[in-house]
Every structure is written in structure tokens, then in C-alpha cells.
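Subject: The structure I promised you

Hi there,

Here is the structure we talked about, ready for you to open. Have a look around first, and then read my notes below.

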4 protein chains.
Amino acid sequence: MSYARQMLDAYPGTISIDAPVLAATIEALTDCAQACTADTDDDLSESNVSEMVTCIRLCLDCTDLCTSTVAIASRQREELDITVFTPLLESCAAICNSCAQECERHAHMHEHCRVCAEACRRGEQATRELLAAMR
Amino acid sequence: MSYARQMLDAYPGTISIDAPVLAATIEALTDCAQACTADTDDDLSESNVSEMVTCIRLCLDCTDLCTSTVAIASRQREELDITVFTPLLESCAAICNSCAQECERHAHMHEHCRVCAEACRRGEQATRELLAAMR
Amino acid sequence: MSYARQMLDAYPGTISIDAPVLAATIEALTDCAQACTADTDDDLSESNVSEMVTCIRLCLDCTDLCTSTVAIASRQREELDITVFTPLLESCAAICNSCAQECERHAHMHEHCRVCAEACRRGEQATRELLAAMR
Amino acid sequence: MSYARQMLDAYPGTISIDAPVLAATIEALTDCAQACTADTDDDLSESNVSEMVTCIRLCLDCTDLCTSTVAIASRQREELDITVFTPLLESCAAICNSCAQECERHAHMHEHCRVCAEACRRGEQATRELLAAMR
């Protein structure tokens, strides 16, 4: 079992969101942040780096947004603040989607972009499922 | 002149957002993130720490959100992605407001909460001005 | 296979460090950062929060240091900068150890501290193995 | 007065490090992190981006390390943990120096690299002064 899930199960209070959905989002966005950090560096090592500039920028944004969303999701357990958390998840799903789209464009040439696109799509889907579970 | 402003002025491309407004937001949110990190630690040093738990949680969320907003704002210069950036700024303004409200409740007892509330209010206002400038 | 490992395998250049050891460190520190973020919030929900203050501070430090070490480790592939990376790993192993020690003190009372201590010990061990592999 | 200094002055406990030196480090590294984030994006906008790859990588490392050092420095007030904090500051001073050196190479061509180099040198110097004050 992942640490995200174990920690949620050990939470001393009552969790206001569906715990497996929340844990799945935390895991998927953690993976996505790490994949995007690695993909940024992979892109910088490609000989056609000038064609990877948009991909690098989106990966950097995606890392930053997934990292802060994971941290904030880890604290939205008892008192869910939807004025903060809902737009943050919407923003996070949007960057996962934008980053996935750009990585998919390069996936046939660069295996690292194919893997990163997959991590972004999983991050996007998990985030949308969490948004749906909060409605 | 702040580094945020100097770096915007040295940008080699065209900036799609009003540069002084963008720089002011970057500066205010940088200050806010730092004040919230410090206030978290100040709260942990208070003898009535059990009454500061909500304040600590909000300060942690505010630090994380302001830090990622600063990073992403520093990359939204030429190609503004409003599906990502607008909800992120809304989320950031909301946490600055929530954190300011809670810090204001403790401001008469704890000088560090008074200072932190001020930093959060400035962060909120700058973020709302950037949102207005993007419309 | 983890994304950390897949991304290392897809790296377009030559990796200067032992790839499985590097991937294991990235994974263990990613888990550790997430466990510490969750444990901070769990501690804040405990009725004896005033006794958890040291644990909270160490978990916050451990999250910040593991997160930045993961990011920097993801970029230390071709040109290893030991003046930066060696002391960073030493600092990271030290905070993982300090945080584990404190969490172990609370492990018999709080399951979340037991799980977090385990994540910190794995983070510490992986970091020390990476340091050994770099010698 | 900066928020870093105001928050240190409002600290409810006893500060174990020289407060003005600590505040100066927090401020200089906060500036440095922001300058490096901006310089990364500036480099990506240059037509000779393939020549800026080393600069981009160092700026990314410098941002991550300065950000976590600021956070951890904000919590090292009463109980200084030198096994963690000393190597972290050494690592941070080293990346500020490496990043400054690389930015200085591009300073005659790119004003943003000149400004970033200045921010890195100030970050390095402040960090070394804090290390000296801790001895």
C-alpha cells in the first residue's frame, strides 16, 4: 500500500473527502511532478532543444502546480476549503492536460515525453475524479 | 528596484501582461510566502499552540500556493494560459484571504500574526489586481 | 516500474551515477516528503499537539529538503556537481535521521508517526547508499 | 523593514543565530530564487537556447535549493541542528557560486544573466556570512 494511503488510513480525525480517491490523486500528482522534473532535464539534453522550449516551460509549470496541490491536498481532510481547493484542482487538471498534449506531440520521437505524457494524463484524470467526488 | 521588476525589464520577448502589475504580484506573493513560513514557526513556539492549529494549517497552504504561483507567474509572459493561470490566481487570492482572516483573529495577541496578516492582505490585493488586469 | 526509473531509462544522454541507486533515492525521498507532509497534518489533529511541536518542525524541514533533493537529483545525471550534491545529500540524510528519531518516539502512540518514521528511515538509507555509490 | 526581519523581531522565543544575519540570508536567498526562476524563463526565450542549457540547469537547481534553504532557515531559530543546516548552507553557497559563474559568462550578452549573477553573488555572500556567524 502506498504511503499516501497508509497516512490517510492513520489520520486521527474524520476525512471529509473519499479517502481512496484523495490518496489516488496524491499518488498520481506526485508521480506527475517527478516525471515532469525528469522530462525537463531530458528535454534539455536533446539536440533539438530549441523545439522543446514549450515542453520545458509546461513541464516546469506542471511540476510546481502538482507539488503544491499534493501538499495542499494532504491538508484538506477535515475542513475542506472549496474556495481554495476547487480552483486549485481545476488549474492543476488544466496544466496536466496542457503538458500531456505537448508531450504527446513529441512522444513518437522521445520516449521520455511518451512516459511523461502518460504520467500527466493519469494526474489529470485523478484530479478530475477528485473534483467529481467533491461535488 | 526589485529583482522581480529588473528581471521583467530584461525579458528578451514581449510580455503579455502589464509588467508592473505582474512584478508587484510576484513581489507581494514572495513576501507572503516567506511571512507565512515564519508565522508557522512562530505559532509553533506559542504556549497556546492548540489554539493556533487552524492558523498553522492556513499558513502552510498559503506558503505552498504563493510559492508555486510566483514560479508560474514568472513563466506567464508571452503565452498566457488562462485555463491554468486564472483559477490558480483565484485559488491564491482565496488562501491569502483565508489566512489573513485567521491571522487577524490572533493579531491583538501575537505581533507575528499581525505582520503575517498584513503580508497576506497585500498578497491578496496584488493577486486580485493582476486578475483584473488580465480581463 | 516507477516513473523515476522509466524516466532515467529514457534519458537521452549518459548517466554519471548508478541509475538504479539514483532512481531508488528519488523514489524513497519522494515517499518521505509526502509522508512528512501528511504526518505534519496528522500531528496537528492530535489532542496533545503541544507535545508534537518538535515532530511538526522536523517533518516540515524533512519535506522541504527531500523535495528539493529529489528535484536536484533528477538533474544530476551527466555533470555531477559534488560541491553542491554531496553536502545536500548529507544534509538530507541528517534530516531524515532526525525526523525518524522523533517520529519513532511517538510511534507507539500514533500509527501515523510509525509509518512516517519508516518512510524517513528508507529515505535516509537510500540517500546514504547514493552517497556511497558516488565515492 | 523587510517581512523577514519583522517576523524575526516578532518571534516569541529566543533566536540562537544572529538575527540580522539570518534575516539578510533569508532575504538574499529569496531574491536569488526568484531571479533564477525568471532567468530560466528568459534563457528559454533566447534564440541561442542551446547555448543556455547549462545556465538553465544551474538556475533550476539554484531556485530549488534557495527555496528550501529559506524555508529551513525560517525554522532554525531556537534549536539549531548543525548536522542538517551546515551542509545545507554549504550546498546552497556552492550552487549560488556555480550559477553566478555561469550567468557571468553570459552577462555581456544577456542583461537578465547579469542581474541574475548579481542576485546569486549576494545569495552566496549572505550564506557564507551566516555560516561564519554560526561558527
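One thing to keep in mind from the start: this is a predicted model. I went through two of the places where chains meet, and here is what turned up.

**Where chain A meets chain B**

Let's start with how many residues take part. Chain A brings 21 residues to this contact, and chain B also brings 21. Together the two chains bury about 1800 Å², and 53% of that comes from carbon and sulfur atoms.

How many salt bridges cross the interface of chain A and chain B? There are four. If you want one to look at on screen, go to A:Asp64 and B:Arg75: their side chains form a salt bridge, with 2.4 Å from N to O. You can also hunt for polar contacts here, since 13 residue pairs make them between chain A and chain B.

Which helices of chain A are involved? Helix 3 (53-73) and helix 4 (82-106) of chain A each give at least two residues to the side that touches chain B. Helix 4 of chain A contributes the most, with nine residues. Sorted by type, the residues on this side of chain A are 10 nonpolar, five polar and six charged.

**Where chain C meets chain A**

Now swing the view round to the other contact. Here 33 residues of chain C touch 33 residues of chain A. The buried area between chain C and chain A is about 2800 Å², with carbon and sulfur atoms giving 62% of it. Three residues are worth colouring in: C:Tyr3, C:Met7 and C:Gln34 supply 28% of the area that chain C buries against chain A, more than any other three residues.

What about salt bridges between chain C and chain A? The count is zero. Polar contacts do occur, though, with six residue pairs across the interface of chain C and chain A.

On the chain C side, the elements that give two or more residues are helix 1 (3-9), helix 2 (19-45), helix 3 (53-73) and helix 5 (111-134). Helix 2 of chain C has the largest share, at 11 residues. By type, the side of chain C that touches chain A has 14 nonpolar, eight polar and 11 charged residues.

So that's the tour: four salt bridges between chain A and chain B, and zero between chain C and chain A. Shout if anything is unclear.

Cheers

Key. Residues numbered from 1 in each chain as written. Chains lettered and ligands numbered in written order. Predicted model: local features only at pLDDT ≥ 70, side-chain atom pairs only at ≥ 80, totals over all residues. Heavy atoms only, no water. Contact = heavy atoms within 4.5 Å. Buried area = accessible area lost by both parts, 1.4 Å probe. Polar contact = N/O pair within 3.5 Å; in protein donor to acceptor, adjacent residues only side chain to side chain. Helix = DSSP H or I, 4+ residues; strand = E, 2+ residues; numbered from the N terminus. Nonpolar A, V, L, I, M, F, W, Y, C, P; charged D, E, K, R; others polar.
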